[in-house]
Amino acid sequence: MPQKIGFLGAGRMASAMISRLLEQGYPVKVWNRSPEKIKPLVAKGATACNTPAEAANDVDAVISFMADDIAAEAVWLGENGALCAITPGALAIECSTLSHGFVLELSNKVMTAGRLYIDAPVTAVPAQVAAGETMFLIGAEKVALEQARPIMEAVANRIVHFGPVGSGTVYKLMNNLLGAVHIAAAAELVAVAQKAGLDGNLVADAFANGAVASRAGVMTIPGMISGNHNEGIHFTTALRAKDAGYAMWLADELGLDLPVGRSATEMFDRAIEAGFGDLAQSAVLETIRGR
């Protein structure tokens, strides 16, 4: 029988993963802060829950996709949190992009309570997740990973085990900081090209087919050129700023100065201050235009 899964969160990435798990025959219980987001998943066979604890009760694994440390702490450790209900020996799979320090703190509490913790952030866009093309970035003990492997293989085409808890988050934070650097640099390219009167479509095509192309840049340059930061949002400016900020905290923990990362982080922070947080991350361009 497929392992029973409790899911915390029903955002874009979480909903794509839940849909994939349901297609693969897994029974899934779901909690989300906004119940309306669960309705399409219930139509596909998921069971709606009123609290994180209800979602975590009587399942083999609890998977969490939260926006940040504060939200993750609330769903795991808060009133009616998942940790109070999850079965001893069950898996706590944290897919959220969280700060390194909080991952270590949360994992310690989970494992002290007799549960298995897997640091399992992912790199993918929702369409890839729905197609079973997730890449898991794992920090966990081997015994926990092997217990989780059937679930992960149902939604992933690659599982990278970096080492103990926390190591998956180390890679994910630096991966997302690199994305911030690529997008910030791409915004500078577009700002200069547009100011100089270059054709936007030619700029996008030349970049996509050039030697310095990056997926992050290719994904965001069309929105920068069109100025449409409201549609087809895969990742918001606020989430990119949060991840970059957590990466800089990690660098501080390790006693490292990251000048390029710091510059990109500051650029996204300025975009937040300018009110672009809920828009696509291509909106970081507007900090250069001065809007």
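Is Asp58 buried, exposed or partly exposed? Asp58 is partly exposed, with a relative accessible area of 48%. This report covers a predicted model.

**Two residues with positive phi**

Most residues other than glycine have a negative phi. Asp58 is not a glycine, yet has a positive phi of about 55 degrees. Asp58 sits in the loop between helix 3 (52-56) and strand 4 (61-64).

Asn80 also has a positive phi, about 60 degrees, and is not a glycine. The loop that holds Asn80 runs between helix 4 (69-77) and strand 5 (91-94). Asn80 is partly exposed, with a relative accessible area of 41%.

**Salt bridges**

How many salt bridges does a search of the whole structure find? The search finds eight. The table gives three pairs, including one with Asp58.

| Pair | N to O distance |
|---|---|
| Lys4 and Asp58 | 3.2 Å |
| Lys39 and Glu36 | 3.0 Å |
| Arg262 and Asp257 | 2.4 Å |

Asp58 pairs with Lys4 through their side chains. This bridge links distant parts of the chain, with the partners 54 residues apart. Lys4 lies in the segment before strand 1 (5-8), and Asp58 in the loop between helix 3 and strand 4. Lys4 is partly exposed at 33% relative accessibility.

In the pair of Lys39 and Glu36, Glu36 is exposed, with a relative accessible area of 55%.

The third pair joins Asp257 and Arg262. Asp257 counts as exposed because its relative accessibility, 55%, is over the 50% cut-off. Arg262 is partly exposed at 33%. Elsewhere, Glu146, Arg149 and Glu153 form one network through salt bridges that share partners.

**A buried glutamine**

Where does Gln281 lie? Gln281 is in the loop between helix 12 (259-273) and helix 13 (286-289). Its relative accessibility is 5%, so Gln281 counts as buried, the cut-off being under 20%.

Which residues does Gln281 contact, leaving aside neighbours within four places in sequence? They are Ile183, Thr220, Phe235, Thr236, Thr237, Arg240 and Phe268. With Arg240, the contact is also polar: the two side chains meet at 2.7 Å. Gln281 and Arg240 are 41 residues apart in sequence. In space, their C-alpha atoms are 7.0 Å apart.

**In brief**

Asp58 combines a positive phi with a salt bridge to Lys4. Gln281 is buried and makes a polar side-chain contact with Arg240.

Notes: Residues numbered from 1 in each chain as written. Predicted model: local features only at pLDDT ≥ 70, side-chain atom pairs only at ≥ 80, totals over all residues. Heavy atoms only, no water. Helix = DSSP H or I, 4+ residues; strand = E, 2+ residues; numbered from the N terminus. Buried < 20%, exposed > 50% of the residue type's maximum accessible area, 1.4 Å probe, protein only. Contact = heavy atoms within 4.5 Å. Polar contact = N/O pair within 3.5 Å; in protein donor to acceptor, adjacent residues only side chain to side chain. Salt bridge = Lys/Arg side-chain N within 4 Å of Asp/Glu carboxyl O.
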